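User: I am new to reading protein structures. Could you help me see how labels such as "buried" or "tilted" are decided?

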Amino acid sequence: MTRPDPFTIPEWKALHREASLISQILGSGATALSRASYGSGFGEYYTAFFGLSVGIERLAKLILVANYALENNGALPGQSVVRKYGHKLRELIAQVGMIAEKRSITVPHIGPDHPICTAVINCLDAFSDASKGRYANFEAIGNPSFDPANEPVNKWWTEVVEPILDNHYRGKKGEAVVKRRAAQFGAMADCYMFVLFTDETGNVMSDATTASERTGQTKWAQNYGRFYTLSVVRWLSYIFDEMTHMAGYQPGLESLFGHYEFFRTYMVNNHFLLKRKVWPLT
């Protein structure tokens with residue numbers, strides 16, 4: 001029997017568009033993390049959270065759709081099935097983990113079980129919650145009972161960045177260099193300039209030394225925040241690749257053909273995840 005041309009199958013086209021969308025919004029979110037800072041780049045935090053929370057959710061769902069097809073002779077799930085997948089990142093990640101275990105897929109890199117990756121997922125999951133996440137700033141207006149810890153950037157810095165600083169910055173050469181330069185800059189600047197910034201957790205910085213030190217910490221927040229977030233994306237990408245790379249060549253599974261290629265850009269080594277600032281790779 002002649003194998004159907006995947007490019008003529010409506011379901012293939014839909015999954016192809018979806019894979020392209022997911023790859024791009026994940027990349028835009030990761031790129032925004034590379035620019036996020038307390039100063040002119042504060043809005044980049046929210047840009048990152050939007051792209052990454054939606055992208056990770058949809059990539060997890062794409063894996064669930066692929067798994068359904070593999071278990072049902074190539075049939076894709078109907079809308080009633082897809083809606084039941086829900087929107088909770090932690091639950092979706094857990095479902096993907098069970099699929100990987102069932103299919104004996106092992107990812108040769110860190111994943112959601114790493115403590116900082118877990119914190120990333122929790123923060124992005126919270127951002128998906130309207131009142132505690134993406135609409136938190138509106139919730140805070142005229143609401144004296146609003147918990148500042150629920151503000152997305154505050155939560156990110158506290159739960160993701162602080163552990164990053166503890167693991168990769170504090171007590172190391174980088175911290176000593178940042179502190180020395182901040183002290184030198186403060187000694188020169190405090191007599192000649194007025195400083196007033198608010199950091200990611202809402203604290204006011206009114207001297208050049210404090211602001212300069214926070215600027216130095218931002219490098220670690222950006223690079224390692226991106227690294228651990230993309231580690232989750234890489235984990236998902238490996239699983240999707242393992243499930244669909246060869247399956248797309250099998251009779252009846254043509255709708256899965258080739259979509260893994262959109263996520264090969266995230267299946268790179270740790271050095272790329274840590275150093276590359278613009279995503280997806282081209």
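**Reading the labels on aromatic residues**

Analyst: Happily! This is a predicted model, and Tyr46 is a good place to start: Tyr46 has a relative accessibility of 18% and counts as buried.

User: What makes Tyr46 count as buried?

Analyst: The label buried applies under 20% relative accessible area. Tyr46 is at 18%, so Tyr46 gets that label.

User: How do you know that Tyr46 and Phe49 form an edge-to-face pair?

Analyst: Two values decide that. The ring centres of Tyr46 and Phe49 are 6.5 Å apart, and a pair needs centres within 6.5 Å. Their planes are 85 degrees apart, and over 60 counts as edge-to-face, so the name fits.

User: Where do Tyr46 and Phe49 lie along the chain?

Analyst: Both belong to helix α2; being three residues apart there, they are separated by about one helical turn.

User: Is Phe49 buried or exposed?

Analyst: Phe49 is buried: the relative accessible area is 2%, and the cut-off is under 20%.

User: And why is Phe42 called partly exposed?

Analyst: Phe42 has a relative accessible area of 24%. Buried would need under 20% and exposed over 50%, so Phe42 falls in between.

User: Which residues form one aromatic cluster?

Analyst: Phe42, Tyr46 and Phe49 are among them, and the cluster also includes Phe127 and Trp156.

User: What makes the charged end of Lys219 sit over the ring of Trp220?

Analyst: One part of the test is distance: the charged end of Lys219 is 5.5 Å from the ring centre of Trp220, and the limit is within 6 Å. The other part is direction, within 35 degrees of the ring normal.

Methods: Residues numbered from 1 in each chain as written. Predicted model: local features only at pLDDT ≥ 70, side-chain atom pairs only at ≥ 80, totals over all residues. Heavy atoms only, no water. Buried < 20%, exposed > 50% of the residue type's maximum accessible area, 1.4 Å probe, protein only. Phe/Tyr/Trp six-rings, centres within 6.5 Å; stacked < 30°, edge-to-face > 60°. Helix = DSSP H or I, 4+ residues; strand = E, 2+ residues; numbered from the N terminus.
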